[in-house]
Amino acid sequence: MGIRFELGVDYRRDDCSQNSPYLKGVYRRAITLFDSLHLPEDEIFVVVNVNDFGDNRSLRRKLNIFSRYIRHQSVLNKLEHMTLPYIIPEDDEDGNYKTHRFVLKCKVSDLRYMPLLKAICNNDMGYEPAIYHDVFFISLKQKTIFHVYDDRGCDLVAASPEDIRHMYKTHNAWILDYDRDEIDQVFK
């Protein structure tokens, strides 16, 4: 069960600077949705999938995904890493691709989540900092997965509609119109 929210509204290619109203609106919506879902004392898992296309370039680049966005470096001692088969097996005919999954259990207050969300939103915009990997925020207490995919939007997945009904009601105007009918049916 999930909701797809639209972050980017009124995109104009000719007016999309780093300080444009468009991008400021994207950041505001992403942060507002995150804040509506998580309290500072909540424990969450931050999961990052780094795709390796057989050349280890993704890993050779300095992975600042966590160190740059964690308030206390001691929290990084909890960081776990696992290597998995590539997450899209049909795109890996030769079997050379891998997905490196990094998992960090922390409190929301341990994260510098505002700049982290902005960097995720910058993914396709050409602005730095930018994160080009999938980043998921998982709350066992809320039973939710929150995933901003880029400036266009984010997905919120839950175990049941009741777990995110408050998000549906509070931020209904931000639901992506393309998926609205299907989402409305789930919550009726």
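The chat below goes through a predicted model of one protein chain.

User: How many helices and strands are in the protein chain?
Analyst: The chain has five helices and seven strands.

User: What pattern do they follow along the sequence?
Analyst: Along the sequence the order is β-α-β-α-β-β-α-β-β-β-α-α. The radius of gyration is 17 Å and the globule rule gives 16 Å for 188 residues, so the chain is as compact as a globular protein of that length.

User: And what does the C-alpha trace span along its principal axes?
Analyst: About 45 × 45 × 40 Å.

User: What share of the residues count as buried?
Analyst: Of the 188 residues, 45% are buried. The accessible surface is about 10,500 Å², and carbon and sulfur atoms hold 48% of that.

User: What about contacts with a separation of 6 or more?
Analyst: Among those, 67% are between residues 24 or more positions apart.

User: Switching to charges: how far apart are the mean positions of the positive and negative ones?
Analyst: They lie 7 Å apart, taken over 26 positive and 30 negative charges.

User: Now one residue. Where is D155?
Analyst: D155 sits in strand β7, which covers residues 153–158.

User: Is D155 buried or exposed?
Analyst: Its relative accessible area is 18%. Buried means under 20%, so D155 counts as buried.

User: Which side chain does D155 join in a polar contact?
Analyst: That of R4, at 2.6 Å.

User: What else is D155 in contact with, leaving aside neighbours within four places in sequence?
Analyst: Besides R4, D155 is in contact with I3, I145, F146, H147 and Y149.

Notes. Residues are numbered from 1 along each chain as its sequence is written. This is a predicted model: local features need pLDDT of at least 70, side-chain atom pairs count only at pLDDT 80 or more; totals for chains, interfaces and linings use all residues. Side-chain values use heavy atoms; hydrogens and water are left out. Helices (H or I, at least four residues) and strands (E, at least two) are DSSP runs, numbered from the N terminus. The radius of gyration is taken over C-alpha atoms; the globule rule is 2.2 Å times the number of residues to the power 0.38. Buried means under 20% relative accessible area, exposed over 50%, partly exposed in between (1.4 Å probe, protein chains only). Contact means heavy atoms within 4.5 Å. Accessible areas come from the Shrake-Rupley method with a 1.4 Å probe; for residues, only the protein chains shown count as cover. Lys and Arg count as positive and Asp and Glu as negative; His and the chain ends are not counted. The place of a charge is taken as NZ of Lys, CZ of Arg, CG of Asp or CD of Glu. A polar contact is a pair of N or O atoms within 3.5 Å; within protein, one must be able to donate a hydrogen and the other to accept it, and residues adjacent in sequence count only if both atoms are side-chain atoms.
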